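The exercises below ask you to work through selected parts of a structure, each with a solution that goes step by step. Please look at the sequence and the model before reading the solutions.

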Amino acid sequence: MNIITSHERTDMDALAALYAASLLYPDYIALLPQKLNQNAKNFVSLYQDVLPFIDRGDLPREHIDNLLIVDALAIAQVRGMDENTQVHIIDHHQPPEPLPSTVSAKIEAVGATTTIMALELERRDIQLTRIGATCMLMGIYEDTGSLSYPTTSPSDGKAVAWLLEQGADLELAGEFLNQPLNADQRAALAELLSAAHTHRVKGRDICITAISLDHYVDELSGLVHQVMSMYEPDACFLLAEFEGNTQIIARSAGEAVNVAQVLASLGGGGHGKASAALVRNQPLAQVEAELLRLLEAHVVPPALVRDIMANNVHTLNMTLSAAEAAVLMRRYGHEGFPVVDDGRLMGILTRRDVDRALHHNRGDQPIRTLLHTGPVAVSPDDPVDEVRRVMLESNLGQVPVVKDGLFVGIVTRTDLIKLWALEQHTKRTRDVRLLLESVLPAELVALLLSVRDAAQAESASLYLVGGFVRDLLLGQSNMDLDLVVEGDAIAVANRVAVLRGGRVRSHARFGTAKIIFDTPPPGTPATLDLVTARTEFYERPSVLPQVEWSSIRQDLYRRDFTINTMAVCLDRERYGELLDYYGGERDLLSGQIRVLHNLSFIEDPTRILRAARFEQRLGFQLEVRTTELIDDAIDLLDHVTGERLRHELDLILAEAKPEKVFERLEQLGALQHLHPQLHFTRDMSAMFDRLRARVHERQAEEQTPVLEHCYLALLTSGMDKPTLIDLIARLHIGAEEAQLLVEVVQLRASLGDLTAHAMLPSAIYRLLAPHSREARFVLSVATESQVVRERLDLYETVLAQIEPSINGDFLRQLGLPPGPIYKEILGYLRDALLDGRIQNAEEQRLLVEQLARAAHQG
């Protein structure tokens, strides 16, 4: 025998799930629990003829082979169950602890168990009756507050839509869901409201109302929402004692109070926002005292101002005018500034007030007359809710933080928004931490955490930022650690050097420090770079920015693309927290390169080159607006210094497949702004590919060509020499590499000679010998001519190995005075050897003696 059942005190969700399961499992018996909530009992009583349920008294006396439990994680023993009964559970409540291995379960994070069943019925195309659809609609509505409770999921809405299509009757559902309180329930509610007290537990408001009943009152769970709406606490616990036992019903308004965890040790069940327990044979006061103890252990305290405030904040002094303040607001992009005098907060100046002063031609007005003063500050130890209150009451987007009378930081609306997002993604922190520790060697993690400890000892925070975080989330290897200190990076570096042994090279102007370790442990780098969080502003387009110390958020904002703006905090209490202020992870998931702000390419046009490089490396696409901004700023590449362009060019040449980047830059029209004659043609992609394969083949050789140099030589091989010289000067290419580029251009210009129908070996030698082996190698890749390739190969494998046995010493022995004649004779000798006119040392001697006599006679 197979049966389906649910928990006692069956509510509408349990009843509806039981009904739906009977359709999904037609060979199972739908067994009603013994006690139903009043509205469920009324519904069954009215429609029992069309519902498939049976009472316990009617259950056959047979062994239960399979037991399906819906909307519950366990039930009371049913006649016919034993250790051989196979148990399966379908529920929307996560179990407080792992289920026995013999129990199978389907648990989904939705608002009602009925939702799980409804979507499965829809998938199987099982049709419902009007009464059945209405029953299931009531199940979802009751457990989700008609889709209004925080536990409601998108799946609940989809299920409701399908049930309405199936003919669910909203008017009929309303009759059973909105039943008035009976006299006992009204009396109990009045007593509950009278007995309610709010306790402050770890900064959270917890409402506890405890009463003793002289007779049983049904469906107290319906009253807890009314108490919640009256007091608006973070969580509410209703305690009702009757005949020595105490029933506890709990509801939570958010993630801070997981009521299932609180009641778990009292034998409770449910989920984080709705739970219940029955405590037997304990006085009500003792149960309440134990509840308060459990709350202290389980309540998550609210975030404090110090957890989210920004340090290293730009401030203004009282002597400035409105016009001067406006200049600084434009420079830093702030909507307001704290105004500080001798470390003490004097007030907040907003852009709105400055704009109003300028509108009235009062640019010379002192900012002290424009300040928001009064109770506009919070303390670092205040809960974040206090910031929200000040923002609402003062209509400010920034709230200053003051400690012991001194200004110490600021909290903005953005900080609050990011905190709310973080509260929804606490699991993400754990994921990033595990990812970090799985990618980095244990010794390197230990090193980073020791740097973290040094930073915290200096009242600073440490972050991994930029490309490392991007590649960490993409699952790509990247050991190039970019560490930013929100504080004094040089002080942190000095502390680490003392603790771990080493020395520090620092640049105070830029707030950067390099730690050089004396004896780095295996698996750790010999050096580590630390950078102080900073912000940048550009006096004019295309020039390097001016730098100032700042917060981590502003440091990330100065970066190029959203995917490079993420950071992982290494602080002890925030270890693994992903900072993503600008949607970097979103763009990683969608595969887009998105610039951070509209003036980004104007401020630094080299970001155009980087955009193409990241797009092609990652297989992403330029976001539409980013492409438009590139087009608007492309001409500014003409004004970028050659050194900066060359740096970006080197990074492109170091890519696994630089040809993809060059091809994209050609499409964007960027290459000709490095030089008007610089182009990437279709045939170059095949050349780059051949070049890589040829270099790979020659890895075992002592003098393997430098791949990046060869790439550049291929790219410029189609230029004439004057154009190439101009490019070399524009990009400040070094002498050694410039020599290779020139040689390749000269060699390519001689291709006509190398393709001659008949060509003596000596002619091949004279044409190729003046050039470097690397230049000849590049030409072998660049040419499409099989004849040229064969002659280049002949030169490398045969001709270049042929050396005459006679040199200038022999000519001196013959009495021939040194001079240009030496080169002519030895050259003629080599030609004769190469062309096969002479074969051995004796023939070489005779030829040279003959040439020397002729020279003497001449």
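**Exercise 1: the surroundings of one cysteine**

Task: list the residues with which Cys-569 is in contact, leaving aside neighbours within four places in sequence, and state whether Cys-569 is buried or exposed.

Solution. With contact taken as heavy atoms within 4.5 Å, and with neighbours within four places in sequence left aside, Cys-569 touches Leu-462, Tyr-463, Arg-574, Tyr-575, Gly-576, Glu-577 and Leu-579. The model is predicted, so local features need pLDDT of at least 70 and side-chain atom pairs count only at pLDDT 80 or more, whereas totals for chains, interfaces and linings use all residues. Residues are numbered from 1 along each chain as its sequence is written, and side-chain values use heavy atoms, with hydrogens and water left out.

Next, place the residue: Cys-569 belongs to strand E24 (residues 567–569), where helices (H or I, at least four residues) and strands (E, at least two) are DSSP runs numbered from the N terminus. Tyr-463 lies 106 residues away from Cys-569 in sequence, yet the two C-alpha atoms are 4.6 Å apart in space. Finally, Cys-569 has a relative accessible area of 0% and is therefore buried (buried means under 20% relative accessible area, exposed over 50%, partly exposed in between, with a 1.4 Å probe and protein chains only).

**Exercise 2: an open sheet**

Task: give the strand order of the six-stranded open sheet and explain why E7 and E11 each have one side without a neighbour in the sheet.

Solution. The order is E7-E8-E9-E10-E12-E11, with mixed pairing; two strands pair if DSSP finds at least two bridges between them. Strand E7 (197–201) and strand E11 (269–271) stand at the edges with a single partner strand each, so one side of each lacks a neighbour in the sheet. E7 and strand E8 (residues 204–212) run antiparallel and are joined by five bridges, and His-199 stands opposite Ile-206 in E8.

**Exercise 3: the two sides of a helix**

Task: determine which residues of H28 are buried and which on the other side are exposed.

Solution. The buried residues in H28 are Met-684, Met-687, Phe-688, Leu-691, Arg-692 and Val-695. They cover an arc of only 140° around the axis, which puts them on the same side of H28 (the arc is that of the directions from the helix axis to the C-beta atoms). On the other side of H28, Arg-682, His-696 and Glu-697 are exposed. The cover over the buried residues of H28 includes helix H26 (658–668) and helix H31 (735–749).
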